[in-house]
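Here is a short tour for anyone who likes to read a fold through its side chains. Have the viewer open and follow along.

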Amino acid sequence: LHSLPLGPDAPALVVDPGRRSLFVEFAALDFVSPLTRRYQFRMTGVDTAWVDVDAGRRIASYTNLPPGAHVLELRTAAAGGAWSQPARMSVTVVPRWHEMPWVRGALALAVAGLLAGMVRARLAMLRRRHRVLEGLVAERTLQLQESQKRLEQLAYFDGLSGLANRRLFNDEMRGHFAH
């Protein structure tokens with residue numbers, strides 16, 4: 001717990017990465033009863049509007065602050081009076097190790113490298129599968145060509161003597177007549 005003055009010369013408040021919470025109790029230094037005053041606060045980057053505070057409990061409380069530089073502003077007004085100029089205090093919230101820009105960049109590079117490695121592995125597997133399939137197609141084509149030759153042999157030549165048969169003779173004659 002620290003007692004810090006607010007204003008242009010006020011020291012900056014640094015919130016440790018492990019804490020991320022800020023609890024500020026404040027009061028106006030004048031002779032007016034604190035219960036007759038109105039109080040408001042806001043923190044840049046956290047609050048969108050001024051937050052009204054009960055005069056009996058003048059506390060600004062924040063939990064899970066985002067990392068970065070913020071400014072805590074406090075203002076007061078007498079009952080029915082105008083708001084004072086806000087008193088400001090710089091608040092710096094130190095990021096955790098995993099919120100540092102270099103860590104996030106390294107993580108992005110690691111993810112990109114992992115994805116590139118996965119793509120390369122998938123391409124290598126597909127190329128290997130392609131080579132295997134090409135080998136199978138070539139083998140089957142060769143088998144079909146050999147079967148075709150055996151079928152022609154059986155269709156045009158005698159199985160016992162190996163001499164040309166009547167079918168080959170007729171096909172050859174048709175070809176000569178057509179020529």
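Which residues are linked in a network of salt bridges? They are Arg42, Glu73 and Arg88. Please keep in mind that this is a predicted model.

**Charged pairs**

Side chains of opposite charge can pair when their charged atoms come close. In this model the count comes to four salt bridges. The table lists some of them, with the N to O distance for each.

| Salt bridge | N to O distance |
|---|---|
| Arg20 and Glu99 | 2.2 Å |
| Arg42 and Glu73 | 2.5 Å |
| Arg88 and Glu73 | 2.9 Å |

Let's begin with the pair in the top row, Arg20 and Glu99, whose side chains meet in a salt bridge. Arg20 sits in the loop between β1 (13-15) and β2 (22-25), while Glu99 belongs to the loop between β7 (87-93) and α1 (101-156), so this contact ties together parts that are 79 residues apart in sequence. Both partners, Arg20 and Glu99, are buried.

Now back to the network. The side chain of Arg42 meets that of Glu73 in a salt bridge, and this pair links distant parts of the chain: Arg42 is in strand β3 (residues 37-43) and Glu73 in strand β6 (residues 68-78), 31 residues apart. Arg88 also forms a salt bridge with Glu73; here the link runs between strand β7, which holds Arg88, and strand β6, which holds Glu73, with the two residues 15 residues apart.

Is Glu73 buried or exposed? With 5% relative accessibility, Glu73 counts as buried. Its two arginine partners can be looked at in turn: Arg42 is partly exposed, with a relative accessible area of 27%, and Arg88 is partly exposed at 41%.

**The sheet behind the network**

Strands of a sheet pair through backbone hydrogen bonds, either parallel or antiparallel. In this model, five strands make an open sheet with mixed pairing, in the order β1-β7-β6-β3-β4. The edges are taken by β1 and β4 (51-53), and each has a single partner strand, so one side of each is left without a neighbour in the sheet. On average, neighbouring strands of this sheet are turned by 25° against each other, direction ignored.

How many bridges join β6 and β7? There are seven, and the two strands pair in the antiparallel sense. If you want a spot to check by eye, Ala69 stands opposite Thr92 in β7.

**Aromatic pairs**

A search of the whole structure finds three aromatic pairs. One of them joins Phe26 and Phe41 edge-to-face, with 6.5 Å centre to centre and 65° between the planes. Phe26 lies in the loop between β2 and β3 and Phe41 in strand β3, 15 residues apart, and the pair links these distant parts of the chain. Phe26 is buried at 10% relative accessibility, and Phe41 is buried at 6%.

Phe41 also pairs edge-to-face with Tyr62, at 5.9 Å centre to centre and 85° between the planes. This contact takes us from strand β3 to strand β5 (residues 59-62), with Phe41 and Tyr62 21 residues apart. Tyr62 is buried, as is Phe41. Ring pairs link Phe26, Tyr39, Phe41 and Tyr62 into a cluster.

**A helix to finish**

Helix α2 (residues 166-178) has 13 residues and reaches 18 Å from its first C-alpha to its last, close to the 18 Å expected at 1.5 Å a residue. At the start of α2, a side-chain oxygen of Asn165 comes to within 3.2 Å of the backbone nitrogen of Arg167.

Terms used. Residues are numbered from 1 along each chain as its sequence is written. This is a predicted model: local features need pLDDT of at least 70, side-chain atom pairs count only at pLDDT 80 or more; totals for chains, interfaces and linings use all residues. Side-chain values use heavy atoms; hydrogens and water are left out. Helices (H or I, at least four residues) and strands (E, at least two) are DSSP runs, numbered from the N terminus. Buried means under 20% relative accessible area, exposed over 50%, partly exposed in between (1.4 Å probe, protein chains only). Two strands pair if DSSP finds at least two bridges between them. Axes are lines fitted to C-alpha atoms, for helices over the stretch in contact, and angles run from 0 to 180 degrees between N-to-C directions. The expected span of a helix is 1.5 Å times one less than its number of residues. A polar contact is a pair of N or O atoms within 3.5 Å; within protein, one must be able to donate a hydrogen and the other to accept it, and residues adjacent in sequence count only if both atoms are side-chain atoms. Rings of Phe, Tyr and Trp (its six-membered ring) pair if their centres lie within 6.5 Å; planes under 30 degrees apart count as stacked, over 60 as edge-to-face and the rest as tilted.
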